[in-house]
Structure formats: C-alpha cells, structure tokens
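Biologist: I should be grateful for a close look at one single part of this model. Please describe that part and its surroundings in one connected account.

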Amino acid sequence: MQVSMPLPNQFQESDHYIQKNSLNTLKAYKEIGESALWTLSSAKQGNGIFQLRDSNSETFWQSDGPIPHLVTVQFQQKVRISHVAIYLDLKTDESYTPEVLSIRGGLNVQCLREIRVLRLENPNGWIIVPLSCVAPDGSSTPYIYTMNVQIAVIQMFHSGKDTHVRQVKLFGHEDGS
C-alpha cells in the first residue's frame, strides 16, 4: 500500500521536544483537534475523552487496559499537523505518567507508521513535539500531511501499568491547511 505522507523509514528515539508551562509559543498555529474524531484504547469511568480535551490541566484521561495505551485522532480529510502538545504532571501522577511515547501517522488507522519516539525526563507541563517529515528526494516540511494521528503510551515512570494524560492538543501548520 502506498502512503502519500512522507515519513521516515526508520524511527529513532528522540529527545526533540520542548517543555513549557503554557502554549504561548504556538500562538501562530491553530488548534485543529476539535474537527476530529477522538478514540481511546480504554478509559476509567469519568476519565475519558472529555477530560482529555476540556482544556483543564486538573482533569485527565486514565487508561484501564493493557499497554500500549492509545489516543487515536481521525480527520475526515488530510490535514497538515505541525505540533502535538501533551500536558503531563510527574509530581502529581507519579507512576501513571508516560515515560516513553510513540507518535504515529497515516492515511488509515490500520497502516500507521511511527513518526517519533520520545523518552521523557521529568515531564511537568506542556510537552510540545514539533512534527516534520523528509521526502524521499531529501526535501523536508515542517508538518506531516495525514488523516490519522495516534499517540501511544509505551511505558510509564516507575513501572506503572495505567496512565494519566492531562491534555492533548494538535496544531495545524500556519498556512491554515
């Protein structure tokens, strides 16, 4: 199956993320997550999608199933996604806090490819992950062009089993596409 979104052939663990107390650095970008369908691999009652998307850092999604814990976001058409922002709080959530995350993308959820793998150190606040891709000809873009994004929580701190993710936001590339 041919994928029209250029993605790296191999993933590399990357520490390329920015940790901030606010999303002010993304003011030039539009949050596009409201136009997508969000699903979770599992959730404790009262700690689901609404809490993950309510813009309140005091609430959270809590998984209730086997690892990996998944947040899948599906758009009706291809969009340019420049950043994924995830709010985490290691001090409060301790062993529920994600330590290793995989960000995946693709034209359908059955054929997602790994874009980034992150090993986080003491996450407290917004983890801002810039997304980009390199085409086979070597050119690069400061976004991915896709219909589906998945955030997979691969490992928690202190060998935790379930996870807490307080917020997730997706930002479109600044040209508005």
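Modeller: Strands (E, at least two residues) and helices (H or I, at least four) are runs assigned by DSSP and numbered from the N terminus. The model is a predicted one, in which local features need pLDDT of at least 70 and side-chain atom pairs count only at pLDDT 80 or more, while totals for chains, interfaces and linings use all residues. Residue numbers run from 1 along each chain as its sequence is written, and side-chain values rest on heavy atoms, without hydrogens or water.

The part I have chosen is strand E6, which spans residues 69-89. The protein has 2 helices and 14 strands in total. Of its 177 residues, 50% count as buried (under 20% relative accessible area, for a 1.4 Å probe and protein chains only). E6 itself is mostly covered, with 17 of its 21 residues buried.

The loop that leads from strand E5 (61-62) into E6 contains Pro68. The peptide bond that joins Ile67 to Pro68 is cis, and its omega is near 5°.

The partners of E6 come next; two strands are said to pair if DSSP finds at least two bridges between them. Strand E4 (residues 37-40) runs antiparallel to E6 and is joined to it by 4 bridges. In this pairing, Val71 in E6 stands opposite Leu40. E12 also runs antiparallel to E6, and 9 bridges join the two. One of these links His69 with its bridge partner in E12, Val153. With E9, E6 pairs in the antiparallel sense over 7 bridges, and Ile127 in E9 stands opposite Ile86. The pairing of E6 with E14 is likewise antiparallel and has 6 bridges; there Tyr87 has Gln167 as its bridge partner in E14.

E6 also borders an enclosed space. A cavity is a set of points, on a 1 Å grid over the protein atoms alone, where a 1.4 Å probe fits but cannot get out, and its lining residues have an atom within 4 Å of a point. Points are joined across faces, edges and corners, and the volume is the space filled by probe spheres set on them. The whole structure has 1 cavity of 30 Å³ or more, and the volume of the largest cavity is about 30 Å³. Its lining consists of Val71, Ile86, Leu88, Pro98, Leu101, Ile151, Val153, Val165 and Val168. E6 gives the largest share of that lining, 3 residues, and at least two residues each come from E6, strand E7 (98-106) and E12. The lining comprises 9 nonpolar residues (Ala, Val, Leu, Ile, Met, Phe, Trp, Tyr, Cys and Pro), with no polar and no charged ones.

Ile86 and Val165, both in that lining, are also part of the largest nonpolar core, a set of buried Ala, Val, Leu, Ile, Met, Phe, Trp, Tyr and Cys residues joined through side-chain atoms within 4.5 Å. This core has 31 residues, and those that touch the most other members are Trp38, Phe75, Ile81, Ile86, Leu131 and Val165. At least two core residues come from each of E6, E7, E8, E9, E12 and strand E14 (167-172). Here too the largest share, 8 residues, belongs to E6. Beyond its neighbours within four places in sequence, Val165 is in contact (heavy atoms within 4.5 Å) with Leu52, Phe60, Trp61, Ile86, Tyr87, Leu88, Pro98 and Val153. A second, separate core has 7 residues, among them Ala85, Tyr87, Trp126 and Ile128.

Tyr87 deserves its own description. This residue lies in E6 and counts as buried because its relative accessible area is 15%. Apart from neighbours within four places in sequence, Tyr87 touches Ser57, Gly125, Trp126, Val165, Arg166 and Gln167. Tyr87 and Ile128 are 41 residues apart along the chain, and 8.7 Å separates their C-alpha atoms. In the protein as a whole, 77% of the contacts with a separation of 6 or more are between residues 24 or more positions apart.

In summary, E6 pairs with E4, E9, E12 and E14, and supplies the largest share of both the cavity lining and the largest nonpolar core.

Technical notes:
On a 1 Å grid over the protein atoms alone, a cavity is a set of points where a 1.4 Å probe fits but cannot get out, and a pocket is an open set with protein on both sides within 12 Å along at least five of seven lines; lining residues have an atom within 4 Å of a point.
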